[in-house]
Amino acid sequence: KDMRHAINISLPPKIARAVKDEVKAGNYASTSEFFRDILREREERRLLAELKQSQKEIAGRKGKVLRSLGDLD
C-alpha cells in the first residue's frame, strides 16, 4: 500500500511565495503536488542522462551485448 510520509521544509520567503503563487494560479492542486512534480522531473532528468550515457557507450562499441536476461548479471 502507498504510505505517505510528511516532510517539513523551510523556504526563503521569495521561494515560498512562488510556490504559493503556482498553486493559487491552478498550476498545481497543492504545495505537495508542486514538490512531487519537481521530484518526478528530477528523476526523469537522471534517467535521461543515464540513457544518453548508455547510448554513447553503445555508439562507441563499449556497451555490453545481452543475448538473454541471464547476461544482466
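How many nonpolar, polar and charged residues are in the lining of the largest pocket, by class? The split is 5 nonpolar, 4 polar and 2 charged. Keep in mind that this is a predicted model. Besides the pocket, the things to look at here are a nonpolar surface patch formed by I7, I9, L11 and I15, and a set of salt bridges, of which a search of the whole structure turns up 6.

**The pocket**

- The largest pocket comes out at about 480 Å³ in volume.
- Part of its lining comes from a run of residues numbered 4 to 9, namely R4, H5, A6, I7, N8 and I9.
- The rest of the lining is T31, S32, F35, R36 and L39.
- R36, one of those lining residues, sits in helix α2, which spans residues 31-59.
- R36 has a relative accessibility of 32%, so it counts as partly exposed.
- For a sense of distance along the chain, R36 and L47 are 11 residues apart, and their C-alpha atoms are separated by 17 Å.

**The nonpolar patch**

- I7, I9, L11 and I15 make up a nonpolar patch on the surface, and together they have about 390 Å² of accessible area.
- I9 is found in the segment before α1, a helix that covers 13-24.
- I7 and I9 turn up twice in this briefing: they belong to the patch, and they also help line the largest pocket.

**Salt bridges around R46**

- R46 pairs with E43 in a salt bridge, and their closest N and O atoms are 2.5 Å apart.
- R46 also forms a salt bridge with E50, where the closest N and O atoms are 2.3 Å apart.
- Both pairings stay within helix α2: R46 and E43 are 3 residues apart, so about one helical turn separates them, while R46 and E50 are 4 residues apart, again about one helical turn.
- R46 is partly exposed, with a relative accessible area of 38%.
- As for the acidic partners, E43 is partly exposed at 33%, and E50 is partly exposed at 43%.

**The R40 pair and its network**

- Salt bridges with shared partners tie E33, R36, D37 and R40 into one network.
- Within it, R40 forms a salt bridge with D37, and the closest N and O atoms are 3.9 Å apart; the cut-off for a salt bridge is 4 Å, so this pair falls within it.
- R40 and D37 are 3 residues apart in helix α2, which means they are separated by about one helical turn.
- Are R40 and D37 buried or partly exposed? R40 is partly exposed, with a relative accessible area of 39%, whereas D37 is buried at 19%, since buried means under 20%.
- R36 links two topics here, because it is in the salt-bridge network and also lines the largest pocket.
- As general background, side chains of opposite charge can pair when their charged atoms come close.

Terms used. Residues numbered from 1 in each chain as written. Predicted model: local features only at pLDDT ≥ 70, side-chain atom pairs only at ≥ 80, totals over all residues. Heavy atoms only, no water. Patch = residues over 30% accessible without salt bridge, like charges linked within 9 Å, V, L, I, M, F, W, Y side chains within 5 Å. Areas by Shrake-Rupley, 256 points an atom, 1.4 Å probe, with all protein chains shown as cover. Salt bridge = Lys/Arg side-chain N within 4 Å of Asp/Glu carboxyl O. Helix = DSSP H or I, 4+ residues; strand = E, 2+ residues; numbered from the N terminus. 1 Å grid on protein atoms, 1.4 Å probe; cavity = no way out; pocket = protein on both sides within 12 Å on 5 of 7 lines; lining within 4 Å. Points joined across faces, edges and corners; volume = space filled by probe spheres on them. Nonpolar A, V, L, I, M, F, W, Y, C, P; charged D, E, K, R; others polar. Buried < 20%, exposed > 50% of the residue type's maximum accessible area, 1.4 Å probe, protein only.
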